Amino acid sequence: MSVAAVTDWAGGVLLLAGAVLGLVAGIGLVRFPDVLDRMHTATKPQVLGVLLLLAGLALRLRTPSDLGMLVLVAIFQLSTAPVAAQMIGRAAYRSGRVDRSLLDVDELAGR
Amino acid sequence: MTVLLAVALTVLLSATALLALARIYRGPSLLDRVVAADLLLSAMLAAVGAEAAVNRHATTLPVLVVLSLLGFVGSVSLVRFAVRAES
């Protein structure tokens, strides 16, 4: 097999892995009982899935200018997802939507 | 291989979007809906990227940048609105 065919196959595998991780995030979003759990599942597998999908896209496009734009998208995802998740978690905690029976440790309890 | 890849990606991403829509429909509070809308937008981003990868063109890459920023701005503004509505 030539180099192009190998990178095409690797790109296809990465695309499928990214889509499967997105599906995992969706299943967790429906199955989990609490806002904090849902925030967790919609942040971590989703961001990793999008990153894998972008890597697969980069392996199939293989041009340097497109690569720059894909890196830009990946940096945006990695820098904005934690901020949004932290804001959602803080809003959920302050409005009392946290199920205390599901928590092991509440480090904000004394504040 | 390309057709098979396209079909598999379509099925997986559609299932993700449907699950997110189910959570938007059921979600007890506004915060659940914000989380689900974020996942729905990310599934859209993945679908646009997957289409570009299957058809091997780079015309929709700026759309990816816009979508990834739009998700952040949308969820942050909705969460701030939710906090203000609670208090």
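UniProt positions are given in the numbering used here, feature names are shortened, and annotations may be inferred rather than shown by experiment. This is a predicted model: local features need pLDDT of at least 70, side-chain atom pairs count only at pLDDT 80 or more, and totals for chains, interfaces and linings use all residues. Residues are numbered from 1 along each chain as its sequence is written, chains are lettered from A and ligands numbered from 1 in the order in which they are written, and side-chain values use heavy atoms, with hydrogens and water left out.

**Exercise 1. Locate the "transmembrane region" feature in chain B and describe each span.**

Step 1. Take the positions from the record. UniProt, in an unreviewed entry, places the feature at residues 36-54 and 61-83 of chain B.

Step 2. Assign secondary structure. Helices (H or I, at least four residues) and strands (E, at least two) are DSSP runs, numbered from the N terminus. Residues 36-54 of chain B are 100% helix and 0% strand. Residues 61-83 of chain B are also 100% helix and 0% strand.

Step 3. Take the end C-alpha atoms. They lie 26 Å apart for 36-54 of chain B and 34 Å apart for 61-83 of chain B.

**Exercise 2. Decide whether Leu57(A) is buried or exposed, and list what it touches.**

Step 1. Place the residue. Leu57(A) sits in helix H2 (residues 35-61) of chain A.

Step 2. Apply the cut-offs: buried is under 20% relative accessible area, exposed over 50%, partly exposed in between (1.4 Å probe, protein chains only). Leu57(A) has a relative accessible area of 0%, so it is buried.

Step 3. List contacts (heavy atoms within 4.5 Å). Leaving out residues up to four places away in sequence, Leu57(A) touches Leu15(A) and Leu70(A), plus Gly49(B), Ala52(B), Ala53(B), Leu61(B) and Leu64(B).

**Exercise 3. Describe the lining of the second largest pocket.**

Step 1. Fix the term. On a 1 Å grid over the protein atoms alone, a pocket is an open set of points where a 1.4 Å probe fits, with protein on both sides within 12 Å along at least five of seven lines; lining residues have an atom within 4 Å of a point.

Step 2. Name the residues. Of the 12 lining residues, Ala91(A), Arg94(A), Val79(B), Val83(B) and Arg84(B) lie nearest the centre.

Step 3. Assign helices. H3 of chain A and helix H3 (61-86) of chain B each supply at least two lining residues. H3(B) gives the most, with six.
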